[in-house]
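Please look through the structure shown below, and keep it in view while reading the explanation that follows. The path goes from the chains as wholes to single residues.

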Amino acid sequence: FAGLADVSISEDIPVEGEITVPVGSRSPDEDYSTLDEPVKDTIMRDLKAVAKKFVHVMYPKKSSALLRDWDLWGPLVLCVSLALMLQGGSADSKDDGGPQFAEVFVIIWFGAVVITVNSKLLGGTISFFQSLCVLGYCVLPLTVAMLVCRLVLLAGSGTVSFIIRLIVVVAMFGWSMLASTAFLADSQPPNRKALVVYPIFLFYFVISWMILTFTPQ
Amino acid sequence: TASLVMYLFAEFDDAANLLAANPDATTISIDEPVEISKNQHGRLQEPGREEDDELLGTDDSDKTELLAGQKKSAPFWTFEYYQTFFDVDTYQVLDRIKGSVFPVPGKNFVRLYIRSNPDLYGPFWICATLVFTIAVSGNLSNFFIHLGKPTYHYVPKFRKVSIAATTIYAYAWLVPLALWGFLMWRNSKVMNIVSYSFLEIVCVYGYSLFIYIPTAILWIIPQKVVRWVLAMFSLCLSGSVLVMTFWPAVRDDNRRIALATIGTVVLLHALLAVGCLAYFFDTPELDFPAAIIPAHNGTTVITRSQ
């Protein structure tokens with residue numbers, strides 16, 4: 001202990017703290033015990049996390065919840081519902097119709113992967129799955145737009161309905177862009193922001209186009 | 001020839017002896033004097049050669065070739081290797097796009113803008129944008145042409161996007177590959193001053209496709225004459241960029257081969273434009289013979305052919 005000879009604590013600095021661990025904090029023991037909890041609790045916990053992220057997308061503020069605790073459940077649900085709603089557009093022959101389920105699925109996931117790889121190649125500091133998470137969650141406004149479009153198309157498919165659909169899709173496209181750039185823009189090098197934002201623009205534009213040109217059977 | 005060889009060996013011997021005798025003597029590397037003489041040679045000649053120098057690029061083209069080799073030193077299985085192909089800033093991409101749309105006569109696109117920093121960002125995203133622009137514009141144009149006709153039923157025709165994507169990406173990657181292979185083969189036979197790396201050729205081709213994006217948007221206008229004028233105009237602009245890039249690379253070759261190469265480059269470029277125009281955009285004022293749908297009063301619709 002020769003090295004500790006010259007270490008001394010000054011007399012006027014109070015040393016204080018708690019030795020006991022307060023009840024209710026997350027101790028390592030608690031993690032193991034999630035195995036015993038009811039299934040409803042497990043599912044509700046994940047559902048609450050997903051719902052919280054949906055709220056973050058609809059009201060994009062600078063919060064790190066979306067980035068820190070990423071998950072891909074939300075994007076999967078959104079992608080599947082969007083693809084289901086887009087499927088089965090009018091077709092005289094199989095080649096003339098709108099995008100099929102697989103095509104929408106591939107466009108969304110492959111597009112998100114390509115954008116993520118692009119931003120990482122340009123020097124972005126965001127991780128792969130965080131970026132996928134953000135891009136997937138920001139499809140939410142467009143899914144809402146698709147729902148609205150289908151409801152409007154039930155009422156009729158004339159010029160008025162087209163104008164309503166156009167306004168809704170454009171508004172939701174703008175919302176998606178705002179939400180995703182709010183989350184992703186900070187992690188990019190400053191002189192390449194436009195290079196990263198443009199592919200995101202293209203991605204949501206293509207999805208918006210598919211929604212707008214959907215015509216029912 | 002034997003005496004020449006002996007003379008050369010004697011020269012080497014002298015140099016070696018000198019160096020052995022005085023190891024601390026400073027040695028002058030050989031490439032510098034050669035470069036200086038090349039510069040002076042270029043400047044002292046008549047002004048006609050100066051634009052060749054401009055086309056060849058700046059004087060340190062040798063150095064930039066060396067630097068290009070040194071830059072990408074990461075092994076190809078690491079992520080950093082591919083990051084070197086995306087080492088561009090926003091203003092650089094915008095400059096390159098501008099350079100591909102407004103060809104400056106006498107300036108070489110590769111030497112002026114790429115300067116041995118070829119990027120894959122431009123070619124990839126310009127091709128992606130072009131694919132979707134052509135598909136969307138074609139769809140819109142057909143919609144407006146056939147608007148108001150009772151037998152027309154709007155269909156999004158999503159299949160065309162896949163076809164557009166395959167065609168454009170194949171053009172943007174396979175044609176540069178073929179051209180690069182051809183230029184390398186000719187390089188082995190004829191000593192060319194200018195040679196491009198594969199990525200630089202991909203870069204030039206990718207950026208030269210940019211002009212087709214506004215052209216495709218303007219092709220929505222359903223007038224045949226307008227469309228063909230636009231096609232010719234954009235073909236001239238981007239074709240001239242390609243020609244001015246590749247002419248120095250084939251100029252020293254056999255005249256006919258050089259002309260044939262340049263001709264093929266322009267021809268393929270034209271084929272792409274004409275093919276896209278013909279396939280994705282219906283001819284205006286021509287009824288769309290989608291299906292023999294009997295009209296509601298029982299008579300078949302007579303299509304009016306152009």
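In this predicted model, the secondary structure of chain A consists of 9 helices and 0 strands, so that reading along its sequence gives the pattern α-α-α-α-α-α-α-α-α. Chain B likewise has 0 strands, and its helices number 13. Of the 217 residues of chain A, 41% count as buried, while in chain B buried residues make up 40% of 306. The surface that chain A exposes comes to about 12400 Å², and carbon and sulfur atoms supply 69% of it; for chain B the accessible surface is about 17600 Å², with 67% belonging to carbon and sulfur atoms.

A chain made of helices can still bring distant parts of its sequence together, and the contacts show how far this goes here. Among the contacts in chain A between residues at least 6 apart in sequence, 74% join residues at least 24 apart, and in chain B residues 24 or more positions apart account for 76% of the contacts with a separation of 6 or more.

The records add another layer to this picture. In an unreviewed entry, UniProt gives the annotation "transmembrane region" to residues 70–89, 101–122, 134–156, 162–184 and 196–215 of chain A. In the model, residues 101–122 of chain A are 95% helix and 0% strand, with end C-alpha atoms 32 Å apart, and residues 134–156 of chain A are 87% helix and 0% strand, with end C-alpha atoms 35 Å apart. For chain B, UniProt, again in an unreviewed entry, places the feature "transmembrane region" at residues 120–141, 161–185, 197–222, 228–250 and 257–281. Among these spans, residues 120–141 of chain B are 95% helix and 0% strand, with 31 Å between the end C-alpha atoms, and residues 257–281 of chain B are 96% helix and 0% strand, with 35 Å between the end C-alpha atoms.

How far should the 25 residues of helix α8 of chain B span at 1.5 Å a residue? For this helix, which covers residues 121–145, the expected span is 36 Å, and because its end C-alpha atoms are 35 Å apart, the model agrees with the expectation. Helix α8 of chain B is also mostly covered, since 20 of its 25 residues are buried.

The next step is to see which residues gather in the interior. The largest nonpolar core has 111 residues, of which Y204(A), I207(A), Y205(B), L209(B) and F246(B) touch the most other members. The largest share of this core, 10 residues, is provided by helix α9 of chain A, residues 193–212. Leaving aside residues up to four places away in sequence, L209(B) touches I126(B), C127(B), L130(B), I168(B), Y171(B), A172(B), H269(B) and L272(B).

One of these neighbours, H269(B), can be followed further. H269(B) sits in helix α13 of chain B, which runs over residues 255–280, and it counts as buried because its relative accessibility is 0%. Beyond four places away in sequence, H269(B) touches Y171(B), S208(B), L209(B), Y212(B), L235(B), S238(B), G239(B) and L242(B).

Is F281(B), in the segment after α13 of chain B, buried or exposed? Its relative accessible area is 3%, and therefore F281(B) is buried. Although F281(B) and I134(B) are 147 residues apart along the chain, their C-alpha atoms are separated by 8.8 Å, and I134(B) is among the residues that F281(B) touches, together with others including S137(B), W219(B) and R227(B).

M191(B) offers a contrasting case, for this residue lies in the loop between α9 (159–189) and α10 (198–208) of chain B and is exposed, with a relative accessible area of 72%. M191(B) and L218(B) are 27 residues apart in sequence, and their C-alpha atoms are 44 Å apart in space.

Finally, the two chains meet in a contact that takes 25 residues from chain B and 30 residues from chain A. Between them the chains bury about 2700 Å², of which 64% is on carbon and sulfur atoms. Of the area that chain B buries against chain A, W125(B), F158(B) and R159(B) supply 25%, which is more than any other three residues.

Technical notes
Residues numbered from 1 in each chain as written. Chains lettered and ligands numbered in written order. Predicted model: local features only at pLDDT ≥ 70, side-chain atom pairs only at ≥ 80, totals over all residues. Heavy atoms only, no water. Helix = DSSP H or I, 4+ residues; strand = E, 2+ residues; numbered from the N terminus. Expected span 1.5 Å × (residues − 1). Buried < 20%, exposed > 50% of the residue type's maximum accessible area, 1.4 Å probe, protein only. Contact = heavy atoms within 4.5 Å. Areas by Shrake-Rupley, 256 points an atom, 1.4 Å probe, with all protein chains shown as cover. UniProt positions renumbered as here; feature names shortened; annotations may be inferred. Core = buried A, V, L, I, M, F, W, Y, C linked by side-chain atoms within 4.5 Å. Buried area = accessible area lost by both parts, 1.4 Å probe.
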